[in-house]
Structures are given as C-alpha cells and as structure tokens.
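Thanks for making the time this morning. I would like to walk you through the pockets first and the cores afterwards, so please keep the picture in view while I talk.

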Amino acid sequence: MDVYRTDRIRNVVLLGHGGSGKTTLAEAMAYLAGMTSRLGRVEDGNTISDFDKEEIKRHFSISASLIPVPWDKVKINVLDTPGYFDFVGEVEEAVSAADAAIIVVSGKAGVQVGTQKAWNLCEKYKLPRMFFVTDMDMDDVSYRKVVEELTELYGKKIAPLHFPIREDGKFVGYVNVVKQAGRKYIDRGGKQECEIPEYLNEYLEKYHDILMESVAETSEEFMDRYFEGDEFSVTEVSAALATNVQDGSIVPVCMGAPVSLRGVSNLLDDICGYFPSPDKRSCNGISQKTNEIFEANYDFAKAKSAYVWKTIVDPFIGKYSFIKVASGVIKSDDTLLNVEKGEEERLNKLYVLEGSKPYEVPELHAGDIGAIAKLNSVQTGDSLATKTAPVLYPKAVISTPYTCKRYKAVKKGDEDKISQALAKMTSEDKTLRAENDSANRQTLLYGMGDQHLDIIVNKLKDRYKVDIELSKPKVPFRETIRKNSDVEGKHKKQSGGHGQYGHVKMRFAPSGDLETPYEFEQVVVGGAVPKNYFPAVEKGLQECVLKGPLASYPVVGVKATLYDGSYHPVDSSEMAFKMATILAFKKGFMDASPVLLEPIVSMKVTVPDKYTGDVMGDLNKRRGRVLGMNPDHDGNTVIEADIPMLEIYGYSTDLRSMTGGSGDFSYEFARYEQAPADIQKKEIEARAAKDDGAEDK
C-alpha cells in the first residue's frame with residue numbers, strides 16, 4: 001500500500017442511527033475506488049468492515065473498523081462505526097481519531113435519535129461534518145423533508161449541495177447547487193450533463209440563495225459583492241465552502257443511493273475538496289520533560305509521536321494497536337517509548353488495516369492512521385513517542401457501563417479460562433468491565449446494555465470456547481442492628497484428656513458508622529478473660545461480620561464490647577474463645593432489632609423535555625425520590641433522584657423504550673438505608689429457603 005503525505009490524508013468517521021446505511025456507504029466507496037471487484041452487502045455478510053462473526057450473523061456493525069479508500073491521489077481513512085447505542089464506546093474511540101464526520105441519514109426514516117447523538121458527538125470534538133442522505137432510490141423518500149428537519153434542528157448552517165432529479169418516481173439524477181447544473185446517472189456511478197427540469201428551478205433558487213448567503217459571510221469583500229448582486233465563480237464558492245465547512249459554520253447536505261453507487265463519487269470528491277487534512281487540525285499533548293504543552297498539530301517535521309485510539313485482540317488475527325500519528329514520521333524499524341508505562345517497544349512492522357486484512361507499510365506520516373502488531377505493554381489510550389521527546393496525549397472519554405449482570409461458568413473448571421478471555425476482551429472494549437464482588441460471592445459483568453452483554457457471551461463461546469450464563473445480580477444488602485443487647489456465649493466440650501472452654505459476656509450496640517463492619521472494645525476487669533484471648537475474640541467477630549445471622553449479608557455498624565467472662569487454666573484456648581464469641585454474636589445480633597440495609601444510588605437521568613413526565617412516573621414506581629430537575633438549555637431536562645439499587649436492574653432497556661433511545665443516565669453509590677419491611681421479609685425468606693451456601697458452591 002502507498003505511503004501518503006499529511007496533506008493527502010482525510011480521516012473521516014461515518015456516524016448515524018443504526019440501520020441508516022453507514023456500512024453500505026463504506027462498501028460503495030471501497031468498490032468505486034477499485035478496492036473490491038464486487039459490491040458487498042450487509043445482508044450477505046461479505047462487506048469489508050463487518051467482518052466479525054457476530055456482525056455477519058446479526059447484520060449490523062458492532063465494532064469500529066477502518067477502510068483506507070484511495071481517491072484522486074488522496075487517502076480517505078473511512079472509520080465505519082456501529083449505530084446501536086450499546087456500542088457507543090466504539091463510536092467514541094473512532095471519533096477521537098477522526099478529523100471530520102459524515103452523518104448518514106436514511107431518507108426513508110429521516111432524522112432519528114442516532115442522528116442527533118452523532119451531531120452532539122461532533123460538537124463535543126469540534127468536528128467538521130456533512131450529512132449524507134441515503135435510500136434516495138426508494139419510493140416515497142422526500143429529500144426536501146429531511147433538509148427541512150435538519151434546518152429546524154440546526155438552523156442556517158444546513159446547506160444542501162445537491163438535490164434529486166426524479167422521473168416517473170425513479171431517482172435518475174441530481175442538481176449540483178454550486179455549479180447550478182443538472183446531472184443524469186449512467187451505468188454504475190457514472191453521470192452526464194442534463195437539463196434541470198423546470199419544476200426544480202424554485203428549489204435550485206432557494207438552495208442556491210442559502211449557499212450564497214453563507215459564502216458571502218466568509219469575508220467583507222464577498223459580502224459587498226453579494227449585496228451588489230455580483231455572481232461568485234464556482235472556484236470562489238468551492239474555496240469559501242471549504243473554509244466554512246472546516247470551521248463548522250456550514251454543514252453541507254449531500255444525497256445518493258449507495259446500493260446503486262449513485263451519489264457516492266460526488267461524496268468522495270466533496271470529502272477531498274471540503275474536509276481538512278490533519279495538519280489543519282490542532283493536536284496537543286504534554287511534554288514529560290518540560291511539563292509544557294507540546295503542539296504536535298500533525299506536523300511531520302516535529303519529533304515522532306502517536307496515540308493508541310483502539311485495540312483489537314483476536315485469537316485469529318492477533319493483537320493490533322491502532323495508532324494515529326500525532327507528529328513526525330513513524331517507520332517500521334522504530335523503537336518508541338510507551339510514555340504511560342515507561343517501557344520501550346520495538347515496532348518491527350507497521351500495518352494499514354483494511355477491515356480485517358493487514359497490509360504492511362514502511363512508514364506512516366503525521367495524521368495517518370495505521371496499526372502495530374503485538375505491542376505487549378500498550379493499551380488503548382496510551383501515548384507512544386521517542387525517549388528523547390516523550391509526550392503524553394489526552395485519552396478519549398469513553399462512556400461508563402451501567403448495565404450489570406451476574407455471570408457464572410457453565411462448566412466447572414472454566415473459571416480461569418473465562419477470566420483470561422475477559423481480560424483480553426476488556427482491553428479491546430473499554431465499555432466492558434468484569435468485577436469480582438467477593439462480599440456477595442458473585443462475579444459481575446458491566447456493559448452498555450443487554451444486547452452488548454449477549455454479544456459478549458457469544459464472543460466468549462466463539463472465540464475462546466468457554467460458556468457463561470448471565471443472571472440477575474444479587475444486590476449487596478447489609479445487616480445492622482438498631483438496639484442494644486447484652487448476652488453471653490459459652491463454648492464447653494469435654495472429650496477425654498483436654499477439653500475446650502471459652503466463656504464471654506458481651507454487649508452489642510449500633511456504632512453509628514455504616515462504613516465499618518464493627519468496632520471492638522474490651523473493658524474486662526480483674527482478668528476474668530486473660531488478655532491473650534482478646535485477639536481470639538476479635539477473630540470471632542471478624543468471621544461473624546462476613547455473613548450476618550439475619551440473611552447471610554455482610555454486617556456493618558456494630559459495636560461489640562467484651563466486659564466479662566471466665567476461663568479454665570487447662571481447657572481454655574484461642575479456638576474456644578473464638579467459638580464462644582461466635583455464639584454470643586449470633587444471639588446478641590438477633591436480640592438487638594436486626595435490620596437489612598439496602599444500597600441507594602444517586603442517579604442523573606437526561607431526557608428530552610417531552611419525556612420528563614413518563615420518566616418521573618417510572619422513577620416513582622421504582623421507589624425513587626426525585627431531588628431536582630434542571631434544564632440543560634438544549635431541550636433536555638436533567639432529573640436527579642435517589643433510587644434503591646434493587647430497582648435499577650433493566651433500567652437501561654426501559655429508559656430507551658420510554659424515550660425512543662434519546663434518554664441517558666448515570667449513577668453512583670450514595671449510601672445505605674433501612675429497607676422497607678416487605679423487602680426485608682422477602683430477602684430473609686429467600687435466604688432461608690436456600691440451603692445455606694448451596695447456591696454458591
């Protein structure tokens with residue numbers, strides 16, 4: 001594969017709602033550029049970018065993938081991303097490596113929630129963008145309606161560059177607004193000049209005026225000429241458009257039908273003409289030597305550095321670290337420092353990946369995207385640089401996973417294999433988290449939604465040959481006491497020779513500190529219990545608080561005071577006093593009004609204003625306490641509420657169905673509170689019904 005200079009590179013991410021046609025568009029681009037001899041179809045599972053088994057089976061993208069498309073002496077690094085919200089981490093990684101975005105809108109479905117989320121991501125990363133309306137060859141598709149919807153949402157920035165020509169309802173050509181000329185499609189993707197149908201003249205006038213107004217605003221000279229009624233040349237309009245697109249003041253709208261290759265070559269031309277090369281974008285890191293800002297700005301003349309924006313760990317194709325070169329020219333025989341870990345890595349080979357196929361390249365210039373195989377110490381988010389000029393780049397902000405399920409190995413003995421496989425998968429997918437909740441003897445898997453976790457289960461089976469089953473996680477209740485008690489515990493056994501004797505008198509009371517399991521105090525007078533047995537008493541307490549007498553949950557907030565007891569000079573031992581303490585604790589705890597505490601989380605739910613009522617009603621049903629509602633001045637309301645953890649299982653799915661996918665939420669643990677009597681009763685009965693510990697064998 002050829003090496004491209006920085007000014008000949010365009011890094012473009014495809015964004016949009018699930019099913020809007022991003023992968024089909026990427027496939028059409030690759031076909032027109034001569035990369036493939038036939039046009040792959042998502043339905044047939046033979047596209048370049050959807051190469052994972054799960055993607056082929058489900059007919060939608062799960063991971064971000066790279067297709068380097070050569071077009072008119074320019075390399076367009078096309079980053080195809082998933083549209084479904086469960087895979088937003090992949091989108092966020094790709095956006096962090098892009099310099100511009102194409103937001104794909106289905107002409108049939110119109111503007112959807114995913115369209116608006118794509119726009120918000122572009123705003124966050126200040127990415128120049130363009131809309132591409134697909135499905136133009138379908139009946140009843142109204143391009144005008146989509147343009148009106150976009151204008152309503154984003155105002156005067158929206159500027160259509162083309163609009164369709166139809167004959168007998170069929171999509172046969174388009175009008176180029178910049179050149180004010182008609183084009184008719186011939187063959188596959190070819191076109192020829194044609195007359196503009198009379199009925200389209202009013203639209204041409206309208207769209208041309210919008211465009212000229214925007215162009216006029218690029219300079220005072222243009223503004224004067226515009227008011228004098230002077231016509232701008234096509235070259236002037238194109239140059240002004242490039243400036244405006246790059247600063248985000250104009251967002252062009254293009255259209256086509258990628259399945260029949262219509263409109264795709266225009267889009268490729270527009271990407272080369274209007275989108276910035278990397279050196280027009282800023283990129284800053286922190287120099288580890290001077291602690292000052294290092295302005296890399298994708299300058300090939302500066303010291304070499306790069307950042308890792310994505311990792312693939314696949315048993316079949318191996319581990320690849322995707323890099324974007326931030327400065328300098330990185331060569332295949334370079335040795336670079338992993339700035340984060342302080343370890344040096346020899347590169348050996350550099351690759352450009354085309355979907356799943358690696359192609360070796362001798363070097364990558366600043367701004368280019370490539371991959372390095374088998375870097376041991378390197379993870380997503382790490383920075384690579386020379387030892388003499390180490391630079392640390394900021395990591396991409398990846399969404400936090402809040403959907404949690406418990407997982408178990410189907411086959412005993414697979415636990416180690418599963419944890420190794422999950423370690424590889426979590427290094428590849430930053431929105432996946434595996435945790436060991438030892439207090440409740442369960443292993444937990446966190447993801448972005450139910451679909452995400454289902455796919456993880458399938459990947460474990462396909463890739464790593466291990467089976468897990470998912471279930472509802474146990475909520476980490478706690479046990480505590482509300483009153484005081486005074487009890488004694490005696491452990492006495494006689495069995496020939498030495499016996500066992502331990503005797504304690506203890507008081508139990510609430511400590512008031514729900515962060516700490518227990519406080520231990522001894523006020524024994526006159527050596528009734530010798531000092532050398534105090535540690536044994538505390539050991540007994542340590543054991544008891546791990547699994548409370550009420551429902552086998554960890555104990556918190558108990559103060560235990562040893563005030564008296566007795567011992568036998570021959571039969572007493574540490575073990576005997578430990579056993580006596582355990583007996584005293586169980587009785588003392590149950591005599592002191594034991595209660596179950598449930599975890600409460602502080603939740604923030606961001607929803608469009610029109611859904612506020614529905615979401616509030618649902619939170620109330622979940623025993624939530626709404627603490628406040630604040631507008632975010634973007635048409636959304638941020639609802640803050642305290643809600644029991646027991647009630648948030650499945651919330652991700654429910655919120656999406658209530659809000660059509662537009663609602664977002666986050667939460668963090670806040671505190672423990674006494675659970676209502678009916679919840680306590682249910683939990684205690686559920687625990688009593690199970691043979692103690694059988695569930696966790």
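Let me begin with a term: on a 1 Å grid over the protein atoms alone, a pocket is an open set of points where a 1.4 Å probe fits, with protein on both sides within 12 Å along at least five of seven lines, and its lining residues have an atom within 4 Å of a point. What you see is a predicted model, in which local features need pLDDT of at least 70 and side-chain atom pairs count only at pLDDT 80 or more, while totals for chains, interfaces and linings use all residues. Residues are numbered from 1 along each chain as its sequence is written, and side-chain values use heavy atoms, with hydrogens and water left out.

Which residues lie nearest the centre of the largest pocket? They are Lys117, Asn120, Ser662, Gly663 and Asp664, out of 47 that line this pocket. Its space comes to about 1,600 Å³, where a volume is the space filled by probe spheres set on the points, joined across faces, edges and corners. Among the elements giving two or more residues to this lining are strand E1 (9–16), helix H4 (113–124) and strand E37 (664–674), and H4 gives the most, with 10 residues. Helices (H or I, at least four residues) and strands (E, at least two) are DSSP runs, numbered from the N terminus.

The second largest pocket holds about 750 Å³ of space, and of its 27 lining residues, Ser96, Tyr125, Tyr298, Tyr307 and Pro394 are the closest to its centre. Here E14 (305–314) and H3 each supply at least two residues, with the largest share, 3 residues, coming from E14.

Now to the cores. A nonpolar core is a set of buried Ala, Val, Leu, Ile, Met, Phe, Trp, Tyr and Cys residues joined through side-chain atoms within 4.5 Å, and buried means under 20% relative accessible area with a 1.4 Å probe, protein chains only. The largest such core has 107 residues, and Ile76, Ile102 and Phe131 have the most contacts inside it. Apart from it lies another core, of 35 residues, including Phe477 and Val555. Leaving aside neighbours within four places in sequence, Ile76 is in contact with residues including Arg10, Trp71 and Leu268, contact being heavy atoms within 4.5 Å.

Finally, threonine 561 sits in strand E33 (residues 558–566). Is this threonine 561 buried or exposed? Threonine 561 is buried, because its relative accessible area is 10%.

Terms used. Buried means under 20% relative accessible area, exposed over 50%, partly exposed in between (1.4 Å probe, protein chains only).
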